[in-house]
Amino acid sequence: MSTEPRVAPPATSVARGVARAGDDAAAAAAPTARVVLYSDDSSTREAVRRAVGRRASKDTPMVDWLEVATPDAMLAAVAAGGVDLLVLDGETAKVGGFGLAREIKDSYFDAPPVLLLVARAQDAWIAAWSQADATVPYPLKPMEVADTVAGLLRARTSA
């Protein structure tokens, strides 16, 4: 299994099955937020991407997703810099998002904010230990995921 980061294919604007001219140019000119999405479960990554879409809210930048399924790929993405938000699956097998969040917060002075996806309300104490900036519980509710991502991106850009 490769440790290279896996990048989601670029999305295109489509209205009623017809691409609108100028949308890609406008999207390219718009500011973007680099979001690293870590989970070993492709359906979890897809659910988060679908919940947030290309933009979490009207007042936040377009999202440039980087999907990764291994801890090495996630850590390499953070080390490369330019990351505005980390979305980490706390339920990822072997190396979950809780430990990775703590490692990143301890290792980087200006670490990006971390959103942890958690399975149980009882995980709040470990999310606090991991220094996560926010949590969203399973089952994922699209509006809650999008609102939380938007809030973290707003805080990041206003800081």
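Of the 159 residues in this protein chain, 41% count as buried. Keep in mind that this is a predicted model. The chain exposes about 8700 Å². Carbon and sulfur atoms supply 55% of that area.

Now the layout. The protein chain has six helices and seven strands. Read along the sequence, the order is β-β-α-β-α-β-α-β-α-β-α-β-α. Contacts next. Take those between residues at least 6 apart in sequence: 69% of them join residues at least 24 apart.

Let me start with strand β5, residues 85–89. How many of its five residues are buried? Five of the five are, so β5 is largely enclosed by the rest of the structure. Look at the side chains. Leu-85, Val-87 and Asp-89 point one way. Leu-86 and Leu-88 point the other way. Note that Asp-89 is on the buried list along with the leucines and the valine.

Which strands does β5 pair with? Strand β3, residues 32–38, is joined to β5 by four bridges, and the two run parallel. Val-36 stands opposite Leu-86 there. Strand β6, residues 114–118, is also joined to β5 by four bridges, again parallel. In that pairing, Leu-88 has Leu-116 of β6 as its bridge partner. To get from β5 to β6, the chain crosses through helix α4, residues 97–107. This β-α-β crossover is right-handed.

On to helix α6, residues 142–158. A quick check on its geometry. At 1.5 Å a residue, its 17 residues should span 24 Å, and its end C-alpha atoms are 24 Å apart, so the two agree. Which of its residues are buried? They are Val-145, Ala-146, Thr-148, Val-149, Ala-150, Leu-152 and Leu-153. And what do they pack against? The strands are β3, β4 (62–68), β5, β6 and β7 (134–137). Helix α2 (42–52) is on the list too. So β5, the strand we just walked through, is among the partners of α6.

One loop residue ties in here: Thr-60. Thr-60 sits in the loop between α2 and β4. Is Thr-60 buried or exposed? Its relative accessibility is 3%, so Thr-60 counts as buried. A polar atom of the Thr-60 side chain lies 3.0 Å from the backbone oxygen of Ser-57. Beyond its neighbours within four places in sequence, Thr-60 is in contact with Arg-55, Ala-150, Leu-153 and Arg-154. Ala-150 and Leu-153 we have met already, as buried residues of α6.

Last, the backbone. Most residues other than glycine have a negative phi, and most peptide bonds are trans. Three places here deserve a look against that background.

First, the bond from Tyr-138 to Pro-139. This peptide bond is cis, with omega near -10°. Pro-139 lies in the loop between β7 and α6.

Next, Lys-94. Its phi is positive, about 65°, although Lys-94 is not a glycine. You will find Lys-94 in the loop between β5 and α4. With 89% relative accessibility, Lys-94 counts as exposed.

Then Gln-131. Its phi is near 70°, again a positive value in a residue other than glycine. Gln-131 is in the loop between α5 (124–129) and β7. Its relative accessible area is 32%, so Gln-131 is partly exposed.

To recap. Strand β5 is largely enclosed, with parallel pairing to β3 and to β6. Buried residues of α6 pack against β5. The Tyr-138 to Pro-139 bond is cis.

Technical notes:
Residues numbered from 1 in each chain as written. Predicted model: local features only at pLDDT ≥ 70, side-chain atom pairs only at ≥ 80, totals over all residues. Heavy atoms only, no water. Buried < 20%, exposed > 50% of the residue type's maximum accessible area, 1.4 Å probe, protein only. Pairing = 2+ DSSP bridges. Right-handed = clockwise from strand over helix to strand, strands pointing away. Expected span 1.5 Å × (residues − 1). Contact = heavy atoms within 4.5 Å. Areas by Shrake-Rupley, 256 points an atom, 1.4 Å probe, with all protein chains shown as cover. Polar contact = N/O pair within 3.5 Å; in protein donor to acceptor, adjacent residues only side chain to side chain.
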